Amino acid sequence: MRRLFFFTLAAAVFLAGNAFCAEKTPFYLWLEPEWFDGVSGNFAYWPGPESAKKALVHWAVAGPGISAEWSQGGESEWNSMGAGADETNAECRKTINIPGSGRYRIWVRYVDHRKLTEPFSIIIEKNNKKIIEREFGIDDVVPVNDEYQLYWGFSFGWGFVEGEIPEGQAILKIVINKPAQAWRQIDVVCITDDFNWNPSGRKKPDFAYFSAFTLRPTSTIQIRGNAKSLVVGSIWKRPALAGRDFSMWTGISTDKNWWSKQDISNLSIYDVFLKIDVEGTLRLNSRKNSAAERIYQLFHGKAFCRVFILEKHQIYQKKVHSGNILRRQKLHFT
Ligand SMILES: [Ca+2]
């Protein structure tokens, strides 16, 4: 179940050509060896010396790393694979597809122990014949006085081997056939025909479209266009509604008989409010004033924030502090 946490079996990065680049598009095949056939179980060096030496006769999933790995940016796709220092017989493999015959560089990211060996071999086979083979872990790929080497005694580093590979299927193997002075731990293999690419940490190669970011226009006018035909304010001004920039719609009385009796040309908004003051509060409290004056007083009173809540075509007057307004879900205005 642990493998459910891994993102991919192997990440193959095929970069398509683009219209802006006349050069051949590089090929990168990024592989996570912890998913290769022949890798099983778990390996960890951090429980102690015995754990770091133990031989299992196979590669095992290592990680996720703890402080040492995380301080170096972590392992690609969360995990790596490992084998103990006493291991002498372990092999894992992956079938790969090479897009065209030619020369390729096979990069491998692995743990390089300071002043200790960690031998393993990268092998490419075609039709059961070895066409590329190189042993890693004898020579250093990280300077012995690298900061991580000095702090942890080991660190991830990249090494590579080059060779001719025919188009089509081939087998990539990672093999241990001898003991080491320290455990073996491998994170990534990347096969590429881009000899200018230098890996850094667990960072994958850039996608081809990234190269478009460096393009610069030959003419500023062509890119920016021409705004001479634009009139400032002509396209972002909101259309008026009933002659206003903003209006709040609200339900009012639907009493047909009442509306039929009204002189619409002289009807004020205050008269409408008064009509639908179903609780009669306005009439009870303000009999000495005109409807307009009563509504004005109501709206502009300082002691309370008065809120009308519309519900089923009726308006109820409430005396509430302004802080309570948002607790009422009905439409309101002050
Ligand atoms: Ca990995």
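# A tour of the four-stranded sheet and the core

Seven bridges link strand 8 and strand 9, which run antiparallel. Begin there, and keep in mind that this is a predicted model.

**Stop 1: the hairpin.** Select strand 8, residues 120–126, then strand 9, residues 129–136. Together these strands form a hairpin, with two residues between them. Pick N127 in the turn: its phi is positive, about 55 degrees. Now move to E125. Its partner in strand 9 is K130, which stands opposite.

**Stop 2: across to strand 11.** Stay on E125 and look toward strand 11, where I171 stands opposite. E125 therefore has K130 facing it in strand 9 and I171 facing it in strand 11. Next, select I122, which stands opposite I174 of strand 11. Show the whole of strand 11, residues 168–176. Strand 8 and strand 11 run antiparallel and are joined by five bridges.

**Stop 3: on to strand 6.** Add residues 90–98, which are strand 6. Strand 6 pairs with strand 11 over nine bridges, again in the antiparallel sense. For a marker, select N97 and Q169: Q169, in strand 11, is the bridge partner of N97.

**Stop 4: the whole sheet.** Zoom out with these strands displayed. What order do the four strands of this open sheet take? The order is 6-11-8-9, and the pairing is antiparallel. Strand 6 and strand 9 each have a single partner strand, so they stand at the edges, with one side of each left without a neighbour in the sheet. Turn the view to follow the twist, which averages 20 degrees from one strand to the next.

**Stop 5: E164.** Select strand 10, residues 154–165, and find E164 within it. Is E164 buried or exposed? E164 counts as exposed, because it has 11 C-beta neighbours inside 10 Å and the cut-off for exposed is 12 or fewer. Then draw a distance from E164 to I131. Their C-alpha atoms are 7.6 Å apart, while 33 residues separate them in sequence.

**Stop 6: the core.** Which residues touch the most other members of the largest nonpolar core? Select A60, I106, V108, V189 and C190. The core holds 43 residues. Strand 7, residues 102–113, supplies the largest share, with six residues. Color that strand, then center on A60. Leaving out residues up to four places away in sequence, A60 touches V39, S40, G41, N42 and F43, as well as M81, G82 and A83.

**Stop 7: the full chain.** Show everything. The chain has 334 residues, and 23% of them are buried. Eight helices and 15 strands are present. Among contacts with a separation of 6 or more, 67% link residues 24 or more positions apart.

**Last stop: confidence.** Color by pLDDT. The chain averages 79, and 69% of the residues score at least 70. Select residues 1–21: pLDDT stays under 50 throughout, and the model has 38 contacts for this stretch beyond four places in sequence. Finish at residues 301–334. Here too the pLDDT is below 50, with 48 contacts in the model beyond near neighbours in sequence.

Key. Residues are numbered from 1 along each chain as its sequence is written. This is a predicted model: local features need pLDDT of at least 70, side-chain atom pairs count only at pLDDT 80 or more; totals for chains, interfaces and linings use all residues. Two strands pair if DSSP finds at least two bridges between them. Axes are lines fitted to C-alpha atoms, for helices over the stretch in contact, and angles run from 0 to 180 degrees between N-to-C directions. A residue is buried if 20 or more other C-beta atoms lie within 10 Å of its own, exposed if 12 or fewer, and partly exposed in between; C-beta atoms are placed from the backbone. A nonpolar core is a set of buried Ala, Val, Leu, Ile, Met, Phe, Trp, Tyr and Cys residues joined through C-beta atoms within 7 Å. Two residues are in contact if their C-beta atoms, placed from the backbone, lie within 7 Å. pLDDT is the predictor's confidence in each residue, from 0 to 100.
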